[in-house]
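Colleague: I am new to this structure. Please take a close look at the part where the two copies meet, and then place that part in the chain around it.

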Number of protein chains: 2
Amino acid sequence: MPNPLVMDEIELIARLTRSLPTNASTVVGPGDDCALMDLGLADHWVLFKTDAVVEGVHFAKGAAPEKIGHKALARCLSDVAAVAGTPTHALITLALPADFDPVYVEAIYAGMKELAGRHGLAIVGGETTTNPERMLISVCVLGTVVKGRSPLRSGAKPGDAIFVTGELGGAGSGKHLDFEPRLSEARWLTDNFSIHAMMDLSDGLAGDLRHMLKASNVGAELLAEAIPISRAARLAARAGSPARPPLLAALTDGEDFELLFTAASQEAVPLLDAWKKRFPELPLSCVGRITAEPGLTIRDPKGVQPLAVHGYVHFQKS
Amino acid sequence: MPNPLVMDEIELIARLTRSLPTNASTVVGPGDDCALMDLGLADHWVLFKTDAVVEGVHFAKGAAPEKIGHKALARCLSDVAAVAGTPTHALITLALPADFDPVYVEAIYAGMKELAGRHGLAIVGGETTTNPERMLISVCVLGTVVKGRSPLRSGAKPGDAIFVTGELGGAGSGKHLDFEPRLSEARWLTDNFSIHAMMDLSDGLAGDLRHMLKASNVGAELLAEAIPISRAARLAARAGSPARPPLLAALTDGEDFELLFTAASQEAVPLLDAWKKRFPELPLSCVGRITAEPGLTIRDPKGVQPLAVHGYVHFQKS
């Protein structure tokens with residue numbers, strides 16, 4: 001039996017998801033960004049996703065309540081974006097210490113309402129319960145995807161170009177609380193291009209790309225100079241003690257909530273051009289290519305080397 | 001501003017659910033046992049429900065793990081039964097202390113899998129996260145109802161007979177961990193009779209009936225001698241110090257997870273007869289009638305008196 005103290009989340013999930021009950025209407029079960037179900041709609045599947053944030057883990061005690069609410073819902077919506085979905089309904093679970101401040105809790109809700117309203121998402125109920133030591137917020141989202149148009153993690157093909165939206169790293173200094181889920185960007189991508197694989201970046205590019213490579217049974221080579229490094233990552237890297245290369249921050253910080261996706265290499269130039277016209281404010285970067293050979297490497301001026309760094313969770317532990 | 005320490009769950013929910021974002025596909029939003037949505041299916045609406053259990057609140061630390069898993073899912077399924085729905089898919093969120101025992105967590109999952117499998121429900125994913133001080137399990141369920149056939153809390157009409165399934169009270173001594181959600185019973189009821197209002201009993205008959213009366217803008221008179229009191233409630237009442245009338249336990253203990261519903265009085269006899277043939281093992285009791293006059297009264301050999309006791313939550317505080 002593995003030592004429970006060192007068993008990580010991925011191993012636990014692997015154990016728990018063995019031989020789960022399923023049924024004929026399940027199209028995509030555990031392991032992708034959302035579950036997808038065929039409930040009998042003509043052109044759409046239904047998507048289903050849940051995510052939780054915990055005080056002291058995902059947000060600091062006393063953080064701006066509207067931002068906590070925004071983050072709690074936006075994390076789920078980022079997963080909806082990853083399957084190019086449209087969120088329609090949400091349920092909110094609040095687990096609160098007995099001495100909760102109702103004004104603070106209402107402000108958390110206000111942050112969720114604002115984001116939900118902007119995306120046409122109805123909050124249709126939820127649950128309040130007790131968690132004596134700290135606040136926990138769990139959000140569950142329902143929505144739709146056009147049948148067969150959701151790029152999964154498993155669709156990356158050798159030769160594909162790898163893209164990321166936005167800039168990576170340093171989200172812990174603020175962006176993790178007020179990022180925008182890339183919903184319209186993801187739907188535009190799948191409406192206009194053949195996107196082979198897609199996911200959202202939550203654990204850092206290095207870690208999340210590994211999940212995609214494993215699901216797709218391929219490898220990848222990243223281009224160090226193409227990785228879009230955020231200003232926050234550069235500042236934080238310089239301020240750190242010991243200083244940390246900003247590239248490492250961009251690869252491993254986590255909580256970027258940007259899109260990671262692949263498309264055939266011949267699509268790369270038209271896609272980048274069309275993107276620039278449609279989303280002039282949001283950078284899109286081609287950061288490498290998918291290889292038939294497994295493994296993750298990075299090419300920098302010194303040559304190609306294996307990328308030893310892992311995702312956010314693992315990195316924190318090392 | 002109310003004192004947060006005495007603000008109860010109902011008041012908080014009332015504040016939070018003010019002016020929630022909604023949309024055209026929402027048929028039933030917050031306030032009933034499940035949310036109901038019209039996603040475009042010909043004959044069905046989609047139902048959506050979430051519920052959470054917390055260590056030390058809903059189950060004791062170290063309780064039989066299969067039963068914890070059973071309870072976590074069964075609570076949600078009891079709400080699905082309350083709208084005469086069919087559950088189809090579930091997501092499971094586990095918030096765990098760092099020193100969790102993977103064997104224990106797998107056994108919790110086994111309890112959920114067993115119940116899900118028996119009802120044709122697929123577990124399509126979920127989330128694991130950290131809750132340092134105690135385990136919290138949140139379950140979200142999706143399913144379907146036949147359009148327009150879900151009895152809501154708001155449908156009770158003056159003159160209706162009031163029914164409860166099973167026997168009430170004393171669930172804390174064991175039943176709260178291994179009750180069976182009344183899914184097939186609820187669908188049979190709505191397939192064969194015109195059920196005006198329905199909900200599941202979680203806070204005790206006295207408290208839950210008050211919710212139904214308020215939603216329906218009516219009152220009710222209960223018959224003390226018709227309330228089905230469980231053997232567990234009789235034993236616990238006798239053993240208590242000071243001794244507590246078993247009837248009070250049946251009215252207020254909570255966690256019965258039986259069905260409470262109303263139907264026109266002329267349906268009462270045929271319904272009770274048909275029930276006895278279809279579900280010979282499960283008692284069904286007609287416990288009173290809905291009145292036009294608001295308020296909840298109880299008739300016993302001494303006459304009719306206002307029912308002063310409240311539901312489980314309030315009672316515990318008094």
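Modeller: A turn of 180 degrees with a shift of 0.0 Å along the axis lays chain A on chain B with an RMSD of 0.0 Å; copies are superposed by least squares on the C-alpha atoms of residues with pLDDT of at least 70 in both. The two copies are thus related as by a two-fold rotation axis. The same surface serves both copies, and 100% of the contact residues of chain A recur in chain B. Of the residues of chain A, A:Leu41 comes closest to the rotation axis, its C-alpha lying at 2.9 Å.

This is a predicted model, in which local features need pLDDT of at least 70 and side-chain atom pairs count only at pLDDT 80 or more, while totals for chains, interfaces and linings use all residues. Residues are numbered from 1 along each chain as its sequence is written, and chains are lettered from A and ligands numbered from 1 in the order in which they are written.

The contact takes 64 residues from chain A and 64 residues from chain B, two residues being in contact if their C-beta atoms, placed from the backbone, lie within 7 Å. On the side of chain A that touches chain B, at least two residues each come from helix 1 (9–16), strand 2 (35–37), strand 3 (44–54), strand 4 (86–96), helix 3 (102–118), strand 5 (122–130) and strand 6 (136–146). Helices (H or I, at least four residues) and strands (E, at least two) are DSSP runs, numbered from the N terminus. Strand 5 of chain A gives the most to this side, with 9 residues. By type, the residues of this side divide into 35 nonpolar, 20 polar and 9 charged. Here Ala, Val, Leu, Ile, Met, Phe, Trp, Tyr, Cys and Pro count as nonpolar, Asp, Glu, Lys and Arg as charged, and the others, Gly among them, as polar.

Now the chain around that part. Chain A is divided into domain 1 (9–146) and domain 2 (153–317), with bounds from an automatic or database domain assignment. Taken over C-alpha atoms, the centres of these domains of chain A are separated by 23 Å. Their contact takes 17 residues from domain 1 of chain A and 18 residues from domain 2 of chain A. Helix 2 (residues 65–82) of chain A gives the most to the side of domain 1 that touches domain 2, with 10 residues. The residues of that side of domain 1 of chain A divide into 8 nonpolar, 3 polar and 6 charged.
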